[in-house]
Every structure is written in C-alpha cells, then in structure tokens.
Amino acid sequence: MRKNREYLDGFQHKGMRKKLVDILREKGITDEAVLAAINKIPRHFFLDSAFDKIAYENRAFPISAEQTISHPYTVAYQTQLLQIKKGEKVLEIGTGSIYQTTILSELGAQWVYTIERQKKLYEEQQEYYYFRKQYPNIKFFYGDGFQGLPTFAPFDKIIITAAAPFIPPKLIEQLKVGGCMVIPVDEADNQRMMRITKLENGDLKEELFEEFSFVPMLTGKNG
Ligand code: SAH
C-alpha cells in the first residue's frame with residue numbers, strides 16, 4: 001500500500017480475481033456473499049505494485065513492518081465462519097494491509113473497528129485515501145488488540161488475524177451475547193481456527209476447524 005498509487009483495476013486483474021474465486025470454491029468456500037466480495041475487491045490495491053501480476057495467487061505477501069497480508073483462502077475461511085450480517089458491529093484485531101477489513105465492510109457490517117499494533121502500518125493506513133472514501137464505515141485504531149476497544153463494545157463479531165497465544169479475556173468480555181469470535185489459537189507449530197460463540201446463559205461454545213499459519217499476536221504497541 002503506497003502513497004500516490006494509481007488505482008487501476010484492468011480486465012487482467014478482474015480475470016485473475018475470477019480464477020482466484022474458482023480456486024476458493026474448489027477448496028471448499030461456499031458462502032456466495034464472501035466469494036462475491038473477493039471477486040469485487042482488488043487485492044492488488046493493498047500490495048506494493050511489484051506484486052501486481054501475482055497478487056491473485058493464493059499466498060501471503062510481505063507488507064510493511066515485516067508483516068504479511070493473509071492468504072485469500074484464510075481471509076475467505078475466517079470471513080465465512082464469522083457470518084457477517086448487515087448492520088453488525090465488527091472488531092478486527094490486526095489491520096495489516098486492510099484487505100480483510102475491506103471484505104468485512106463490503107459484506108455489510110455497519111461499523112468495522114480495526115486495531116493495528118505496528119505504528120508504521122497504522123500510519124500507512126491513514127494515508128490510504130482511496131480506500132477511506134470508498135469505505136467510510138471503517139474506523140482505524142493504533143493499539144494493542146489484547147485490550148480490544150471497551151468504549152465501542154459490545155461487538156456482534158470479533159475476528160483476530162494473528163496467531164493468538166491464548167483467548168484474550170477482554171475480547172470475550174466485549175463480545176455481545178449471541179455474537180461470535182473467530183480466532184486462530186496456537187497449537188504446536190500452527191494455529192487451530194476456533195469459533196467462540198457467547199450463549200444466552202453466558203457460556204461459551206467453542207468449535208474447532210482447520211489449521212492455519214499466522215504471524216504472532218504480540219502484546220503492546222510497536223513504534
Ligand atoms: N488482516 C491482515 C493480517 C495482517 S498480519 C491482512 O490480511 O493484511 C497480522 C497483523 O496483526 C499484523 O499487521 C500485526 O502487526 C498485527 N498484530 C499482531 N498482534 C497485534 C495486537 N496485539 N494488536 C493489534 N494488531 C496486532
């Protein structure tokens with residue numbers, strides 16, 4: 001993501017995006033709204049132009065501050081588990097490239113609050129004017145995701161896009177009754193995708209899914 005970038009979305013990009021959607025479908029993503037959002041949002045806008053021709057491969061790419069944009073499959077998988085409904089209030093931990101954030105907004109969330117702990121990334125996010133105009137319901141925060149955003153809580157949905165060493169208790173507190181959190185939790189060498197739903201009686205329902213590989217969720221701010 002760079003200043004003064006030319007945001008061109010040509011037929012080649014659109015074609016590559018369509019192929020990516022086919023791959024995600026083959027890999028088991030079935031939620032048509034999620035697939036439509038991936039088909040619509042130009043992933044190459046969120047990367048350095050050096051990656052323009054390969055931005056639609058199903059892989060992670062480096063972004064600033066030694067972080068990565070998640071694999072499209074991972075983004076689709078987590079988003080499918082979240083089941084975003086129109087009008088919901090969503091919290092994302094790990095803004096990174098803003099790609100996942102934009103998908104959440106595109107799916108009809110009323111507000112998407114997103115927290116990044118790397119100052120360099122947060123500053124780049126502030127410069128991303130194109131995107132701010134297109135998606136005014138995204139609110140950016142520089143901070144430690146383990147703390148969440150108590151001022152704006154509770155949230156219908158919470159998504160964590162970094163490898164969590166444990167389930168952050170403050171995020172559970174900030175989840176609405178009936179809401180859910182999708183979180184990759186450390187397990188041996190990788191992370192196990194988990195969906196935690198807060199039930200009416202206050203109990204937590206935990207469901208386990210596939211294994212993934214994320215950059216670590218770290219405490220405190222950097223910068
Ligand atoms: N959703 C992003 C994923 C980026 S990688 C994308 O697809 O581009 C994960 C991000 O989480 C990194 O930018 C990292 O700096 C950030 N992160 C790690 N621990 C964090 C924390 N405690 N609070 C907020 N952000 C965190």
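This text walks through a sheet, a helix that lies across it, and a bound ligand. The model is predicted.

Start with the sheet. Seven strands form it, and it is open. Reading across, the order is β5-β4-β3-β6-β7-β8-β9. The pairing is mixed. Two strands sit at the edges: β5, residues 138-142, and β9, residues 204-212. Each of these edge strands pairs on one side only. Between neighbouring strands of the sheet the average turn is 15°, with direction ignored.

Now take β7, which spans residues 175-187. In the strand order, β7 stands between β6 and β8. Its pairing with β6 is parallel and runs over four bridges. One point to look for on this side is I158, whose bridge partner in β7 is M181. On the other side, β7 meets β8, residues 190-198. Here the sense is antiparallel, and there are eight bridges. V182 has R195 of β8 as its bridge partner. C180 stands opposite T197, also in β8. So much for the pairs; next comes the turn. β7 and β8 form a hairpin with two residues between the strands. A188 in this hairpin takes a positive phi near 50°.

A helix crosses this part of the sheet. Helix α3 covers residues 72-82. The helix lies across four strands: β6 (155-160), β7, β8 and β9. Against β9, an edge strand of the sheet, helix α3 runs at about 165°.

Turn next to the ligand. Which residues come nearest to the ligand? They are T68, S97, E116, G145 and L218, out of 26 residues around the ligand.

Three polar contacts can be followed by eye. S97, already named among the nearest residues, uses its side chain: a polar atom there lies 2.6 Å from a ligand oxygen. S70 uses its backbone instead, with an N or O atom 3.1 Å from an oxygen atom of the ligand. G94 also contributes a polar backbone atom, and this one is 3.2 Å from a nitrogen atom of the ligand.

How much of the ligand does the protein bury? Taken alone, the ligand exposes 570 Å². The protein buries 99% of that area.

How values were computed: Residues numbered from 1 in each chain as written. Predicted model: local features only at pLDDT ≥ 70, side-chain atom pairs only at ≥ 80, totals over all residues. Heavy atoms only, no water. Pairing = 2+ DSSP bridges. Axes fitted to C-alpha atoms, helices over the stretch in contact; angles between N-to-C directions. Contact = heavy atoms within 4.5 Å. Near = heavy atom within 4 Å. Polar contact = N/O pair within 3.5 Å; in protein donor to acceptor, adjacent residues only side chain to side chain. Areas by Shrake-Rupley, 256 points an atom, 1.4 Å probe, with all protein chains shown as cover.
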